[in-house]
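This briefing goes through a structure topic by topic. Keep the sequence and the 3D view open while reading.

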Amino acid sequence: MDPETEFLSSKRQTGNEWELFKENVRPLKRGRNVDLLNHALKARTNDQLKKSLLENRRRLIEAIDEYQGDDPLQPWLDCIKWVQEAFPPGGDFSGLVLIYEQCVRAFWHSDHYKDDLRYLKVWLEYAEHCSDAEVIYCFLDANDIGKTHSAYYIAYALHMESKSKMKAANDILNLGISSNAQPIEKLRDAYKKFLARSMRRPNATEEELKEDDLPVRSFGTVLARGESQRQAIKTFELGRNKLKQDQVHRTPLSIYNDTNMDVTRGHHSKPNTGSNSWHTLGGRAERNKENNAMPAKWTSHKIPQRPVPRIVGAVASAQIEVFVDEECEEKPKVHDEKDRTSSLQLRELDGRNIKKETELLRENPLRNFPSNSLPR
Amino acid sequence: MASRTVAKDIITLRGSAAIVSEFFGYAANSILYNRGVYPEESFAKVKKYGLPMLLTQDEGVKSFITNLTAQLSEWLEAGKLQRVVMVIMSKATKAVLERWNFSIETDSDVVEKGVSREKSDREIMREIQAIMRQIASSITYLPCLDEPCVFDVLAYTDTDVPVPFTWIESDPKLIANPQMVKLHSFDTKIHKVDTLVSYKNDEWDEQ
């Protein structure tokens, strides 16, 4: 019996958490295992499951350290895939960006993985999370990583296209084709699509119009614009809808500053006493007081400091920050300083530090790399 | 205690066959749209099942689906259709990437004795609506189809059914070691349709 018939006749049901919480799930290009997804979604409200997830993560990180075989990338991939499945929304608290960064940094100098497609894919996923991935593509170029694969050229060209650098994108795709990157058909096809898109562009400098070319459905199917995962709103509207790009995750929003606004500093005088405040709208300064008040110290309310367990030791550059829930916090593990070339140390941190570190990496993805490895 | 009687409608074999084959037509269109098999501009919006449904305007695909649903309807009326599978394949390599499997259980009493059943049309529509919503939401877990794809439709019938002129015998086009997700079902009380989508296992590790 084929697996599908078997499944149907067994009358098994698939949980429907995936559908109930679909807004909290970030689609993955490689797809997701629905059972793992449902499990992870259930874990958000179930402490038992949460504990088991954390246990799993600990195990996977240990596996990276303890691996003895000749493919040290594999345990990293297992860990990455697991984090992707266990934290469906992804996001700054999942530590995903940190793990990508650790992984690529562990092997960037290794000849063994220069042409490994799996290793390249980690780099490409890392690039998707950064506000400006161009520095990553330059790095890959300078260090000859992944250049035998079409995926490299396609991702790089898409990124340049998203910055309206059409000539650069064109050159990159052509370079890939002439280098006979594999699979070549995919590259040729991507080039054809690129040409079609660039024909449709009326003006290369008009950022806005470019967005209109993107299909509404590219929520993990047809990916353009740097193959970024979009939190697009699923709509059946026809026509050219702008995709709401998940701006928070990539380029920080620039906030409009109206310098002409009458900014009143300090405390505001009370509204006219006697008059019923609902009948008068009040002056503009009063209406805008939430936006204009200068931030002051919270003197009236004290927030108890949460003790953060820390291992005070050598702050090596290669460290994995592990997100630990308050309920599951344990005593800090003290690792003896083993003589390891990749010197991985587990440091238990709370979610805030993961978020901070993730933000720093997004802005400057190569910040932990030795300066002699960076492209000039 | 007050009880609410839901008005039930009479469902005949022919009526049920029409409902199921129509469902399949809309489901096929929805899959083609949501999975990006054809460009979104080639679809038009219509209202059906209380949802905005997309239908292809491509003449070739349109007539293919129309002929398909007509044939399915015939088989359904004869009670001979067991399963319909929509297969999505890579255009370049013909590798099977995704399968949308609709399996059908027919009430043989109805086929043999020509009786009819009762069920609220509204309820059937709600059940179908739930499936359509799930099809659209399946991008939550389905792998990205980042290459041009083509589709095909396989029908599993009783063995005594002759192969129609425009169809050919085929191998099942299975996916090896698939991930499988069961979606909702709907039931007209004459035909019960189960939906399953299967897709290739994660390929991150492949070189």
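A residue is called buried when its relative accessible area is under 20%, exposed when it is over 50%, and partly exposed in between. The model described here is predicted. By that rule A:Arg12, at 39% relative accessibility, counts as partly exposed because its value falls between the two cut-offs.

**A:Arg12 and its surroundings**

- A:Arg12 sits in the loop of chain A that joins α1 (3-9) to α2 (17-20).
- Apart from neighbours within four places in sequence, A:Arg12 is in contact with A:Glu6 and A:Phe7, and also with B:Lys182 from chain B.
- A:Leu36 is 24 residues away from A:Arg12 along the chain, and the C-alpha atoms of the two are separated by 16 Å.

**Chain A as a whole**

- Chain A contains 15 helices and two strands.
- Of the 376 residues in chain A, 46% are buried.
- Among contacts in chain A with a separation of 6 or more, 63% are between residues 24 or more positions apart.
- The exposed area of chain A is about 21300 Å², and carbon and sulfur atoms supply 53% of that area.

**Local features of chain A**

- Helix α8 of chain A covers residues 134-142, and its buried residues are A:Glu134, A:Ile136, A:Tyr137, A:Phe139 and A:Leu140.
- The cover over these buried residues of α8(A) includes α7 (117-128) and α9 (150-162) of chain A.
- After α8(A) comes A:Asp144, which has a positive phi near 55°.
- Between A:Gln182 and A:Pro183 the peptide bond is cis, and its omega is near -10°.
- A:Pro183 belongs to the loop that runs between α10 (166-178) and α11 (184-200) of chain A.

**The annotated region of chain B**

- An unreviewed UniProt entry carries the annotation "domain: HORMA" for residues 14-197 of chain B.
- Over residues 14-197, chain B is 34% helix and 33% strand.
- The C-alpha atoms at the two ends of that stretch are 27 Å apart.

**Helix α2 of chain B**

- Helix α2 of chain B spans residues 59-77, which is 19 residues.
- From its first C-alpha to its last, α2(B) reaches 27 Å, close to the 27 Å expected at 1.5 Å a residue.
- B:Asp58 caps the N-terminal end of α2(B), with a side-chain oxygen 2.8 Å from the backbone nitrogen of B:Gly60.
- At the other side, α2(B) is followed by B:Gly79, which has a positive phi near 70°.
- Which residues of α2(B) are buried? They are B:Val61, B:Ile65, B:Leu68, B:Thr69, B:Gln71, B:Leu72, B:Ser73, B:Trp75 and B:Leu76.
- The buried residues of α2(B) pack against helix α1 (13-34) and against the strands β3 (51-56), β4 (81-90), β5 (96-106), β7 (149-157) and β9 (191-199) of chain B.

**B:Ser21, a contact between two helices**

- B:Ser21 lies in helix α1 of chain B.
- Is B:Ser21 buried or exposed? B:Ser21 is buried, because its relative accessible area is 6% and the cut-off is under 20%.
- Beyond neighbours within four places in sequence, B:Ser21 is in contact with B:Thr69, B:Leu72, B:Ser73 and B:Leu76, and these four are listed among the buried residues of α2(B).

**Strand β5 of chain B and its partners**

- Nine of the 11 residues of β5(B) are buried, so the strand is largely enclosed by the rest of the structure.
- β5(B) pairs with β4(B) in the antiparallel sense over seven bridges.
- Within that pairing, B:Arg83 has B:Ser103 in β5(B) as its bridge partner.
- β4(B) and β5(B) make a hairpin with five residues between them, and B:Lys94 in the turn has a positive phi of about 65°.
- β5(B) also pairs with β9(B) in the antiparallel sense, over nine bridges.
- The bridge partner of B:Trp100 in β9(B) is B:Val197.

**Loop lysines of chain B with positive phi**

- B:Lys173 is not a glycine, yet its phi is positive, about 50°.
- B:Lys173 is placed in the loop between β7 and β8 (179-187) of chain B.
- B:Lys189 is likewise a residue other than glycine with a positive phi, near 80°.
- B:Lys189 is located in the loop between β8 and β9 of chain B.
- With 40% relative accessibility, B:Lys189 counts as partly exposed.

Terms used:
Residues numbered from 1 in each chain as written. Chains lettered and ligands numbered in written order. Heavy atoms only, no water. Expected span 1.5 Å × (residues − 1). Buried < 20%, exposed > 50% of the residue type's maximum accessible area, 1.4 Å probe, protein only. Contact = heavy atoms within 4.5 Å. Polar contact = N/O pair within 3.5 Å; in protein donor to acceptor, adjacent residues only side chain to side chain. UniProt positions renumbered as here; feature names shortened; annotations may be inferred. Areas by Shrake-Rupley, 256 points an atom, 1.4 Å probe, with all protein chains shown as cover. Pairing = 2+ DSSP bridges.
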